[in-house]
Amino acid sequence: MTSTTEKIGVHPHPQRWAVLGVLCLSVMVVVLDNTVLNVAIPSISTGLDASTADIQWMINAYSLALAGLLLTTGSLSDRFGRKKALLGGLLLFGAGSAVAAYAGSSEALIAARGFMGVGAAMLMPGTLAVLMQLFDEKERPKAIGIWAAVTSLGFAAGPVIGGALIKNFWWGSVFLINVPVAVLAIAAVAALVPESKDPTVRKPDVLGSILSIIGMVSLVYAVISVPEHGFGSLEFGVPVALGVVTMTAFGLWERHTAEPMLDLGFFKDRRFTGAVASGVLAAFGMAGSLFLLTQHLQGVLGYSPLEAGIRVAPMAIALLVTSNTLGQLVLKLGAGKAMLLGMTIVAGGVALLSIGTTYPPTLAGLILIGVGVGVAQPVAVNALMGSIPPERAGIASGLSGTLTELGSSFGIAVLGALLSARFAAELPDGVPGRSLSVALHSGADITVVRDAFSSGMSVSLVIGAIAVFLGGVVASVLLRRA
């Protein structure tokens, strides 16, 4: 009997566009949650009498679970089925959201957020793996473009939705809204998404999973501790050392074992290496830059969270339009030239954000970022997923997600540290420079504080733009050689 996977490979799935909608819905619920939480933090802090450390762990518990488990869950989805992983991930994410909505203490909310991170780690690799199986090379760039645009739309819509919910309901509503969306996604996945998995029976790589979890959790924990403790602290140095040692042991073990969770031979393919390298550098530059931008829009330009979210939306719109109109042009350019073009446009957009003391240059920068991502991301995902056997799509997606999460964490930490140092140096003596909000409420001249923050942000965003451009150069060189 012919398997579902084999049918998909020979004939396009008749409901592939409907399935894409389901996959996008699954990703949307995860992306929305992260950006919505940022808006809800003041209300959560008041409602639960949460300390600063509590708030940090509400954010970090999710990131640690997601980054630590993506490799393992990607491998498991290949082994046991991507549809099962999607259903399990949505179920855990929805259940965690329900618990978070009615959490009566900071500890309960932190635990629920960790639970949600596990759910997100289960479903994220499966969405891209299923997409790659359903669409042929001709339709795939458009499908990936839509998938990427929905991700960006979730980033932009999060503050808008969060602001509206907080204004009209209690803080738990930002989590409760995930529940009906997860239920709808579960029903749609069960009805529409075909099952697919690696036909080769492989033994579970238990030691590899343990090493990858310890290593990635240690590295991400080290990075997210930087804003509070600094790069020279034991809180950063010890987990970094543990992470590097453990991930080195992971690499040695994967080379040694007969049935590795992650085939390191993937990196011999220049398409794979180029896509991964560009993804890490792009995540470094963009995540750090957009993290700073949200503070700039609210603290310097004076927008409310709702107004700031609306003003970030043009980036997602530009991405959606670009990915659906320039697909054929990108194919004619070739992967190497298209990656360099797209990443250069993104870098130009980030550079424009660095001079955005008013909204018009910020708007222009956001549109350029959207256009650049719309050009580059489908090419990068195609190169990544097209360079490996389709049956290993889950682990490849998990690896890409893991490294992107690490790149994002480093971007936020490094660019944030650069901004903080310049911000504190630019402030008048006696004005606390721990954060923009603290400085604004210190009684100092607001114009001076805002100018100091803008100066620090400009330096950080220039570094972010350089990182994105270098990602384009690296990817272009490797993809052309491939």
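## Getting to know a helical chain

Of the chain's 482 residues, 52% count as buried. Keep in mind that this is a predicted model.

**Exercise 1.** Work out how many helices and strands the chain has.

*Solution.* Start by going through the secondary structure: the chain comes to 19 helices and 0 strands. Next, look at the contacts between residues at least 6 apart in sequence: 83% of them join residues at least 24 apart. Finish on the outside, where the accessible surface comes to about 19,800 Å², with 67% of that belonging to carbon and sulfur atoms.

**Exercise 2.** Decide whether K83 is buried or exposed, and find what its side chain reaches.

*Solution.* First, place K83: you'll find it in helix α4, which covers residues 82–101. Then check its relative accessible area, which is 18%. The cut-off for buried is under 20%, so K83 is buried. Now follow the side chain of K83, which gets to the backbone oxygen of A190 at 3.0 Å. Leaving out residues up to four places away in sequence, K83 touches V189, A190, V193, P194 and E195.

**Exercise 3.** Find which domains the largest nonpolar core lies between.

*Solution.* Begin with the core's members: there are 117, and I44, L109, L131 and F175 touch the most other members. Helix α2 (residues 16–47) is the top contributor, giving 15 residues. Domain 1 (13–194) and domain 3 (262–481) both supply residues, so this core lies between them. Now zoom in on L131: setting aside neighbours within four places in sequence, L131 contacts L20, L23, R140, A143, I144 and W147. Another core, of 6 residues, lies apart from the largest one, and its members include L64, M216, L219 and V220.

Conventions
Residues numbered from 1 in each chain as written. Predicted model: local features only at pLDDT ≥ 70, side-chain atom pairs only at ≥ 80, totals over all residues. Heavy atoms only, no water. Helix = DSSP H or I, 4+ residues; strand = E, 2+ residues; numbered from the N terminus. Buried < 20%, exposed > 50% of the residue type's maximum accessible area, 1.4 Å probe, protein only. Polar contact = N/O pair within 3.5 Å; in protein donor to acceptor, adjacent residues only side chain to side chain. Contact = heavy atoms within 4.5 Å. Core = buried A, V, L, I, M, F, W, Y, C linked by side-chain atoms within 4.5 Å. Domains from an automatic or database assignment. Areas by Shrake-Rupley, 256 points an atom, 1.4 Å probe, with all protein chains shown as cover.
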